[in-house]
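Open the model in your viewer and keep the selection panel at hand. The tour goes stop by stop.

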Amino acid sequence: MKVVCAGGGPAGLYLAILLKRQDPSHDITVHERNPEGSTYGWGVTYWRALLDRLQEHDLDSARAVEGASVRWNDGVAHVRDLTTRHHGDEGFGIGRHRLLELLADRARALGVRLEYESELTEPPTGADLVVAADGVHSALRTGHAEAFGTEIVSGRNHYTWLGTTRVFDAFTFAFVDTPHGWIWAYGYGYSDEGSTCVVECSPETFTGLGLDRADEGEGLVLLEKLFADVLDGHRLIARPGAGWLTFRTLTNRSWRHGNVVLLGDAAHTTHYSIGAGTSLALEDAMCLAGALGTHADLSEALAAYERRRRSELLSAQSAARYSARWYENLPRYIDLPPHRMFALLGQRHSPLLPYVPPQLYYGLDKAAGQLEVLRRLKRWLGPRAARALHARSGARRG
């Protein structure tokens, strides 16, 4: 099979690796619009479950990725001048540049052709399969937006993706109260030299602090001052021209059109606050490779891939929506004692949390953690209560 992939990010490279491992006779070329070694962002995060799956699919690349990653088990929240630390699941961080380098090396070793500074805007002729793995701004998808049924919804809050020379030893949250409202940061290490630091705030805080009018240098100085305690004398670093954004949730009515199939952020996006974007993209690649290996007919394979991944993504997409909503309603939780606020931060994916007073939810969650019957009740009640309350609020608006 001749496969052409647009996009040399994690999804496109890993799909190429898996397809070459399935059948070395596949003719696979990956086209990347940017020069080799240039990439956006700082570090990406993932969890043990993804690493286990990587080991199942390609042990060589999994070992390389794990060896280049840093890990943590704790989460730390700084709220005003108070700090709380919780022990949690094992997490990993790796520089995006390093991840792409490792995957590119593995793809080349298997015989994949990598073409940099080469952008595909239309499906090339002669390919059996064309994979659009070229991100949220996918040129291949945009050229056929009606066929894919692309919809984009912008979130409310503003955010900016920064790096810092501070190396965090835990997944770190910092919430700072200003005269114009709260501003907060998520930080996690990705090497022994730096960390990712995502800063977020409401539109009112964004304009109140003057971040809408500040140039890049002025904005960094202000943020370094606001987060001085957690940065501990280290600086923030911005990628030139990155600026402030609002998160765009992208969906598509269909993930395939003819012999073109969508992969990763070209197909779907989930809010960055759940730290799952790279993991979901790699899992897309695993699923698509599996479907192509199982079904001889291309159309059947692409349909099976889309059907399965849509089903698997439901929980992550739900978690992302509720997570974004938690931060958009931060004042509802921020004045709780820090350990309780942090506990509810960990529960922000719950569909029940927005409808239950925070103190009551904390008490119920603590009790549920001690009694199995309450844990089962919570898992059963949450989605049903959320659906009922959504329906009731919709009826009132109607």
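In which sense do β10 and strand β11 (residues 195-201) pair, and over how many bridges? They pair in the antiparallel sense, over seven bridges. Bear in mind throughout that this is a predicted model.

**Stop 1: β10 and its two partners**

Select residues 181-189, which make up strand β10. Colour them by accessibility: eight of the nine residues are buried, so the strand is mostly covered. Now add β11. Gly189 stands opposite Ser195 in β11. Follow the chain from β10 to β11 and you go round a hairpin of five residues.

Next, show residues 171-178, strand β9. β9 and β10 also pair in the antiparallel sense, and seven bridges join them. Pick Ala174: its bridge partner in β10 is Ala185. The hairpin that joins β9 to β10 has two residues.

**Stop 2: an aromatic group**

Stay on β10 and show the side chain of Trp184. Then show Tyr327, in helix α11 (residues 298-328). The model has 18 aromatic pairs by the count used here. Trp184 and Tyr327 form one that is stacked, with 6.0 Å centre to centre and 15 degrees between the planes. This pair links distant parts of the chain, as the two residues are 143 residues apart.

Are these two rings buried or exposed? Trp184 has 3% relative accessibility, so it counts as buried. Tyr327 has 1% and therefore counts as buried too.

Now add Trp326. The ring centres of Trp326 and Tyr327 lie 5.1 Å apart. Their planes stand at 80 degrees, so this pair is edge-to-face. The cut-off for that label is over 60 degrees. Trp326 counts as buried because its relative accessibility is 2%.

**Stop 3: the six-stranded sheet**

Hide the side chains and move to another part of the model. Select the open sheet of six strands, in the order β6-β2-β1-β7-β15-β14. Its pairing is mixed. Find the edges: β6 (113-116) and β14 (256-257) each pair on one side only.

Go inward to strand β1 (residues 2-6) and strand β7 (residues 129-132). These two run parallel and are joined by four bridges. Select Ala6 to see one such link: its bridge partner in β7 is Ala132.

Now show helix α1, which packs on the sheet. α1 touches β1, β2 (27-32), β6 and β7. Look along β2: the direction of α1 makes about 170 degrees with that of β2.

**Stop 4: α1 and its helix neighbours**

Select residues 10-22 for α1 and residues 277-294 for helix α10. They pack at an angle of about 30 degrees, with axes 8 Å apart. α1 and α10 are therefore roughly parallel to each other; the label applies to angles under 35 degrees. Their crossing is right-handed. Show side chains at the contact. On α1, pick residues including Pro10, Tyr14, Leu18 and Gln22. On α10, the residues they meet include Thr278, Leu282, Met286 and Leu292.

Swap α10 for helix α4, residues 96-109. Here the angle is about 25 degrees and the axes are 9 Å apart. That makes α1 roughly parallel to α4. α1 passes α4 in a left-handed crossing. The contact is made on the α1 side by Pro10, Leu13, Tyr14, Ile17 and Arg21. On α4, select Arg96, Leu99, Leu100, Leu103, Ala104, Arg106 and Ala107. Note that Pro10 and Tyr14 appear in the contact with α10 and in the contact with α4.

**Stop 5: Val260**

Finish by returning to the sheet. Select Val260, in strand β15 (residues 260-262). Val260 has a relative accessible area of 5%, so it is buried. Which residues is Val260 in contact with, leaving aside its neighbours within four places in sequence? They are Pro123, Val130, Ala132, Phe148 and Trp255. Ala132 has come up before, as the bridge partner of Ala6.

For a last step, draw a distance from Val260 to Gly93. They are 32 Å apart in space, C-alpha to C-alpha, and 167 residues apart in sequence.

Note on methods:
Residues are numbered from 1 along each chain as its sequence is written. This is a predicted model: local features need pLDDT of at least 70, side-chain atom pairs count only at pLDDT 80 or more; totals for chains, interfaces and linings use all residues. Side-chain values use heavy atoms; hydrogens and water are left out. Buried means under 20% relative accessible area, exposed over 50%, partly exposed in between (1.4 Å probe, protein chains only). Two strands pair if DSSP finds at least two bridges between them. Rings of Phe, Tyr and Trp (its six-membered ring) pair if their centres lie within 6.5 Å; planes under 30 degrees apart count as stacked, over 60 as edge-to-face and the rest as tilted. Axes are lines fitted to C-alpha atoms, for helices over the stretch in contact, and angles run from 0 to 180 degrees between N-to-C directions. Angles under 35 degrees count as roughly parallel, over 145 as roughly antiparallel, 65 to 115 as roughly perpendicular and the rest as oblique. A crossing is left-handed if the near helix is turned anticlockwise from the far one by less than a right angle, and right-handed if clockwise. Contact means heavy atoms within 4.5 Å.
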